[in-house]
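Please examine the sequence and the model displayed here before reading the explanation.

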Amino acid sequence: MTAKVNPSHKHKKALLIGGGAPNSSLMAGALVAFLEKGVEFDVISASGAGALMGLLYTAPKEGNPRQALEDWAKVGVSDAIYNRFPVNYKVFMKPGDQAATYRDWIMNRNPFTKPLYDPSSPVGHGFFSDLAKFFLAAMSPSDLSGKSLGMCAHLPFAEQVINFDAIPKIKPEFYINAYNMNRSKMTIWNKSEITPEHLRAAFSFPLIYPPYTLNGEDYIEGAAIDTLNFKALVNDDDKGGTCELGKHCDLDTLVIFDILGADQLIRKPRDLYDAWVGSIITPLVEIAKDDIRLFQYQHNIDPKTGKEKRKLLKVDLMGGIPKDHWPQVMDWSATNLQLLYKVGYEAGLKFCEEHAELLDLPASKPAVKAEAAATA
């Protein structure tokens, strides 16, 4: 049963959702737990994959955030296929105009293949569905060549899962970031500015995606440089006022989803593909940890007293991952994404129980594992 938020709203709360696409179902699970408990935020600041998770949480296409987040945990590839071809062709699709036309026909116009791409369709999941998608993806034309600037199309499914018209109307302030390569600076967009193009710019991780051109300027994923979008809180008014948190001076609780700052992600690779994934993740581990330390030192610790000005709460999203599963934690396999969803869900419930007062939740009994958390 969903808990009601304290109407007195004692605390002003922000949620920071960091990058990390392969294990983003951890964040999806935790957000579902927050929905169940009735947690509300005044500000959401997101970076990289966190931008997509935040928008599924606040502005899903069909208006059902829980279903949208649960569906994201189902985008993994059937293990029988992934073990032989470790690429998520369901998320990372071929680039080029011909590929875009092909996808439009396959996913949106063909009555025989469209159900395969419908998250609510019973034929849209499982080995045979994924095998059909594999062959359809293999047949897709592409203009990929040695001169290409990235290997994949920019989030071609964005409009199918996000209601962009609803974003300006959502209750919390919402920010995403991207790095402007022409101006050599981070750009932050608020909820009144976010369009599919802005999300694609915010998702353009180098090599995987080419830089995204928006209004004549080129952008790459903000999480590649700033894995946690603290700058949205620090400089969101761009006026350099006396408050170090811009117009969000009254925030007193910051909740952080960080799925990259874990040393366990740095390990010996299993094969060449795994080594490539590791080459992306390894530098981000220390960047993610540094982001939190720098924010604390520069903006959150009173130099006179040495005390925190506002409470910084990091959700332990990865604490429940079994020790023997860590080598697979960055995989796009169906088993991994579903396991991480359940781990994230349990972490979210535990966090709500431990910090009920700061989250303005009524005191609750110890959390009981709900069957509803399991993803088919």
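The paragraphs below treat helix packing, a buried helix, side-chain contacts to the backbone and two backbone torsions. The coordinates come from a predicted model.

A suitable starting point is the pair formed by helix α1, residues 25-37, and helix α11, residues 334-354. Their axes lie 6 Å apart, and the helices pack at an angle of about 40°. That angle makes α1 oblique to α11, since angles under 35 degrees would count as roughly parallel. The crossing of these two helices is right-handed. On the side of α1, the contact is formed by S25, L26, A28, G29, A30, V32, A33, F34, E36 and K37. Their partners in α11 are L337, L340, Y341, V343, G344, Y345, G348, L349, F351 and C352. By class, the residues of this contact comprise 14 nonpolar, four polar and two charged.

A second helix pair involves α2, residues 49-58, and α3, residues 65-72. Here the packing angle is about 145°, and the axes are 7 Å apart. Helix α2 contributes L52, M53, L56 and Y57, which meet P65, A68, L69 and W72 of α3. Which classes of residue make up the contact of α2 with α3? There are eight nonpolar residues, with no polar and no charged ones.

Helix α3 merits further attention with regard to its surroundings. Six of its eight residues are buried, so α3 is largely enclosed by the rest of the structure. The buried positions in α3 are P65, A68, L69, E70, D71 and W72. Against which helices do the buried residues of α3 pack? They pack against α1, α2 and α11. Helix α3 thus has buried residues packed against both α1 and α11, the two helices whose right-handed crossing was described above.

The discussion now turns to individual side chains that reach the backbone. H11 lies in the segment before strand β1, which spans 13-17. Is H11 buried or exposed? Its relative accessible area is 14%, and H11 is therefore buried, the cut-off being under 20%. The side chain of H11 reaches the backbone oxygen of E357 at 3.3 Å. Leaving aside residues up to four places away in sequence, H11 touches D42, D252, T253, E357, L358 and D360. E357 thus appears in the list of residues that H11 touches and also supplies the backbone oxygen reached by the H11 side chain.

D271 offers a second case, located in the loop between β7 (253-257) and α10 (272-300). With a relative accessible area of 41%, D271 is partly exposed. The side chain of D271 reaches two backbone nitrogens: that of Y273 at 3.3 Å and that of D274 at 2.8 Å.

Two loop residues are notable for their backbone torsions. S184 lies in the loop between β3 (173-180) and β4 (185-190). Phi of S184 is near 55°, a positive value in a residue other than glycine. L207, in turn, is found in the loop between α8 (196-202) and β5 (212-214). Although L207 is not a glycine, its phi is positive, at about 75°. The relative accessible area of L207 is 45%, which means that L207 is partly exposed.

Terms used
Residues numbered from 1 in each chain as written. Predicted model: local features only at pLDDT ≥ 70, side-chain atom pairs only at ≥ 80, totals over all residues. Heavy atoms only, no water. Axes fitted to C-alpha atoms, helices over the stretch in contact; angles between N-to-C directions. Helix = DSSP H or I, 4+ residues; strand = E, 2+ residues; numbered from the N terminus. Parallel < 35°, antiparallel > 145°, perpendicular 65-115°, else oblique. Left-handed = near helix turned anticlockwise from the far one by under 90°. Contact = heavy atoms within 4.5 Å. Nonpolar A, V, L, I, M, F, W, Y, C, P; charged D, E, K, R; others polar. Buried < 20%, exposed > 50% of the residue type's maximum accessible area, 1.4 Å probe, protein only. Polar contact = N/O pair within 3.5 Å; in protein donor to acceptor, adjacent residues only side chain to side chain.
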